[in-house]
Amino acid sequence: MEAKLLYGLIHGSIMFAKFPFTATEQDFHSFIISWVGLLAQRKYQEAYDSVLHHDYYEWTPELMESIINGYGSEYEEGETKYEVTLPDETTDEGDRFDVIWYEGEVVNFVEGRERLAELGYQLPLNNDWSDLTVTFDLVKCFDGLYLQLKEIHVF
């Protein structure tokens with residue numbers, strides 16, 4: 001039985017994507033593909049609103065767009081501008097999804113959020129796969145699993 005994505009954890013007017021405790025790597029992968037689709041549509045606010053955040057990274061929708069447009073650095077006018085494209089519109093085949101499960105002692109960045117894994121996805125930019133990667137922490141809260149945006153940078 002395939003786990004279904006639930007929407008929950010209302011924080012103000014923001015509703016984050018919530019996964020059941022039985023969610024699989026495929027469920028997270030499917031969500032990230034949809035999330036990348038939001039970026040390809042330039043819906044940075046929606047993408048931002050659908051995942052948790054940690055104050056340390058200071059992400060905003062505008063900063064996400066600038067970092068992507070600048071291929072890992074803030075975009076400056078006159079430079080080559082990179083934009084997210086849909087994975088199936090890339091010139092080469094393949095999918096760039098990675099999961100690293102944490103073992104042993106778990107480090108908690110935020111009270112009440114247990115980090116279980118790091119999920120990474122290389123972004124398709126300008127119709128080619130890039131090494132600009134978005135990473136998320138998979139975190140466990142009292143009511144389900146959530147993705148927390150971590151980094152967007154070149155690995």
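**Notes on the salt bridges in this model**

1. Of the 155 residues in the chain, 45% come out as buried. Keep in mind that this is a predicted model, so every value here is computed from predicted coordinates. The chain exposes about 8600 Å², and carbon and sulfur atoms supply 49% of that area.

2. On the overall layout: the secondary structure amounts to 3 helices and 6 strands. Reading from the N terminus, the order is β-β-α-α-α-β-β-β-β. As for contacts, take those between residues at least 6 apart in sequence: 54% of them join residues at least 24 apart.

3. How many salt bridges does the structure hold? The count is 6, and the points below go through some of them.

4. Start with Lys18 and Asp143, whose side chains meet in a salt bridge at 3.9 Å, N to O. If you rerun this with your own criteria, note that the cut-off used here is 4 Å. The pair links distant parts of the chain, 125 residues apart: Lys18 sits in strand 2 (residues 14-18), while Asp143 is in the loop between strand 5 (128-141) and strand 6 (144-154).

5. Are the two partners in that bridge buried or exposed? Lys18 has a relative accessible area of 15%, so it counts as buried, the limit being under 20%. Asp143, at 22%, is partly exposed.

6. Next, Asp137 and Arg115: their side chains form a salt bridge at 3.2 Å, N to O. This one also links distant parts of the chain, with Asp137 in strand 5 and Arg115 in strand 4 (residues 114-125), 22 residues apart. Both Asp137 and Arg115 are buried.

7. Then there is Glu118 with Lys150, where the closest N and O atoms are 2.6 Å apart. Glu118 belongs to strand 4 and Lys150 to strand 6, so the salt bridge ties together parts that are 32 residues apart in sequence. Glu118 is buried at 17% relative accessible area, and Lys150 is buried as well, at 9%.

8. Which residues end up in one network? Arg115, Glu118, Asp137 and Lys150 do, joined by salt bridges that share partners. In terms of elements, Arg115 is in strand 4 and Asp137 in strand 5, with Glu118 in strand 4 and Lys150 in strand 6. So if you look at points 6 and 7 on screen, view them together, because those two pairs belong to one network.

Technical notes
Residues are numbered from 1 along each chain as its sequence is written. This is a predicted model: local features need pLDDT of at least 70, side-chain atom pairs count only at pLDDT 80 or more; totals for chains, interfaces and linings use all residues. Side-chain values use heavy atoms; hydrogens and water are left out. Helices (H or I, at least four residues) and strands (E, at least two) are DSSP runs, numbered from the N terminus. Buried means under 20% relative accessible area, exposed over 50%, partly exposed in between (1.4 Å probe, protein chains only). Contact means heavy atoms within 4.5 Å. Accessible areas come from the Shrake-Rupley method with a 1.4 Å probe; for residues, only the protein chains shown count as cover.
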